[in-house]
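Thanks for making the time. I have one model to go through this morning, and I will keep to what can be read from the coordinates.

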Amino acid sequence: MFEGLSDRLSGILSGLTRRGALTEADVSEALREVRRALLEADVALEVVRSFTDKVRERAVGAEVVKSVTPGQMVVKIVNDALVEMLGAEAETIDVRALPPVPILMVGLQGSGKTTTTAKIAKRLSEREKKKVLMASLDTRRPAAMEQLAILGKQVSVDTLPIVAGQSAVQIAKRAMQAARLGGYDVVMLDTAGRVTVDEQLMAEAADVGKAVEAHEVLLVADALTGQDAVNTARAFDGRMGLTGIVLTRMDGDSRGGAALSMRAVTGKPIKLIGTGEKVDALEEFHPSRVANRILG
Ligand code: GDP
């Protein structure tokens, strides 16, 4: 059975009855456990390193106050550093701009991009009373276009009619034009998914982003892909500048390490999390909850 990090740290430091400042030696064994827990949670190695450095800096020399044990104190330092690194505040999708506001959805095929596009459209339409138009830019896979149209009906959000033979940029421009004429507030553009980070498709998504001056560029990433999610996030952010990340499959048994890694590597906020296949399974990202999940 997996024992939570908090318990392990308390166990390690329980022999420490002496009061006063924590020494390098006190902290180093605890840090080995922190490192192990983060790796078990699928946090990228480079992020594990910078995180443990940060904790070491704060813990060594820290005075153990009377009301807590050394274990509790280190657990608090680790927890605070995790929450801080995950981003302290719950972020939202920003639609405060001149309508129609274009939101570009990018990500690997199978990450949950199309489903998430519909989930966000539903949320904006129901909670914020926005008039939303969705468009699929996946010219290579008619099934993906069809899927978005079906989801659109399910969530009562309009989708742009499919016109064969148009490029992704042409479809995006047509969507913006239709939105202007139809009085829509938000246009959600579901770009073509790719199996791996592929330069040609990435360039296409970047071109679309430029053509419509995307207000949000959201990367949809699968929490279960752990370390790979970090490379994906870095590649997309480098190519087109993300404004945020949506982490899907947080209902699975992922410990949420991908959230920490992606946030640390790109500096971009995790805006929402997907928690199931249903169109309602979308939640705000709460750093403290994910920190708890990583800490175990
Ligand atoms: P795309 O290829 O990136 O557009 O991925 P899809 O939107 O088609 O999603 C692929 C599969 O993942 C579908 O079966 C979705 O229902 C499922 N899916 C999407 N998001 C989530 C999620 O947050 N949790 C779970 N369990 N399944 C999800």
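I will take the sheet, then the helices on it, the cores, and a few individual residues. Please keep in mind that this is a predicted model.

Let me begin with the sheet. It is open and has eight strands, in the order S5-S4-S6-S3-S7-S8-S9-S10, with mixed pairing. The edges are S5, residues 158-159, and S10, residues 282-284, each of which pairs on one side only.

Now to strand S3, residues 101-107. How many of its residues are buried? Seven of the seven, so to speak of S3 as mostly covered is fair under the cut-off of under 20% relative accessible area. Both faces are covered: on one side sit Val-101, Ile-103, Met-105 and Gly-107, on the other Pro-102, Leu-104 and Val-106, and all are buried.

S3 has a partner in S6, residues 186-190; the two run parallel and are joined by five bridges. As one point of register, Met-105 has Asp-190 of S6 as its bridge partner. S3 also pairs with S7, residues 216-222, again in the parallel sense and over five bridges. There, Ile-103 has Glu-216 of S7 as its bridge partner.

S6 is also joined to S4, by five bridges, and these two strands run parallel. In that pairing Ala-135 stands opposite Leu-189 of S6. Leu-189 comes back in a moment, with the core.

Next, the helices that pack on this sheet. Helix H6, residues 142-155, lies across S4, S5 and S6, and its direction is at about 160° to S4. Helix H10, residues 257-266, packs on the sheet as well, where it touches S7, S8 (244-248) and S9 (270-274). The angle between the directions of H10 and S8 is about 165°.

On to the cores. The largest nonpolar core has 75 residues, and Val-78, Leu-189 and Leu-247 have the most contacts inside it. Which helix gives the most to this core? That is H4, residues 70-86, with ten residues. Apart from this core lies another, of 22 residues, which includes Met-105, Leu-124, Leu-148 and Leu-151.

For Leu-247, leaving out residues up to four places away in sequence, the list of contacts is Ala-221, Asp-222, Ala-223, Ala-258, Ala-259, Met-262, Ile-270, Leu-272, Ile-273 and Gly-274.

Two charged residues deserve a look for their burial. Lys-122 is in helix H5, residues 113-127. Is Lys-122 buried or exposed? It counts as buried because its relative accessible area is 11%, and the cut-off is under 20%. Beyond four places in sequence, Lys-122 touches Arg-127, Val-155, Val-157, Val-279 and Asp-280; Asp-280 is one of these contacts.

The other is Glu-204, in helix H8. Its relative accessibility is 17%, and therefore Glu-204 counts as buried too. With its neighbours within four places in sequence set aside, Glu-204 is in contact with Leu-137, Arg-140, Ala-168 and Ala-192.

Now some backbone geometry. Most residues other than glycine have a negative phi, and most peptide bonds are trans. Three places in this model can be set against that.

The peptide bond from Pro-99 to Pro-100 is cis, with omega near -5°. Pro-100 lies in the loop between H4 and S3.

Lys-129 is not a glycine, yet has a positive phi of about 55°. It lies in the loop between H5 and S4, residues 132-136. Lys-129 counts as exposed because its relative accessibility is 65%, the cut-off being over 50%.

Glu-213 also has a positive phi, near 50°, and is not a glycine either. Its place is the loop between H8, residues 199-212, and S7. At 66% relative accessibility, Glu-213 is counted as exposed.

Last, the aromatic rings. How many aromatic pairs are there? The count comes to zero. There is, however, a charge over a ring: Lys-131 lies over the face of Tyr-184, at 4.5 Å from the ring centre.

That is what I had; I am happy to go back to any of it on the screen.

Key:
Residues numbered from 1 in each chain as written. Predicted model: local features only at pLDDT ≥ 70, side-chain atom pairs only at ≥ 80, totals over all residues. Heavy atoms only, no water. Core = buried A, V, L, I, M, F, W, Y, C linked by side-chain atoms within 4.5 Å. Buried < 20%, exposed > 50% of the residue type's maximum accessible area, 1.4 Å probe, protein only. Helix = DSSP H or I, 4+ residues; strand = E, 2+ residues; numbered from the N terminus. Contact = heavy atoms within 4.5 Å. Phe/Tyr/Trp six-rings, centres within 6.5 Å; stacked < 30°, edge-to-face > 60°. Lys NZ or Arg CZ within 6 Å of the ring centre and 35° of its normal. Pairing = 2+ DSSP bridges. Axes fitted to C-alpha atoms, helices over the stretch in contact; angles between N-to-C directions.
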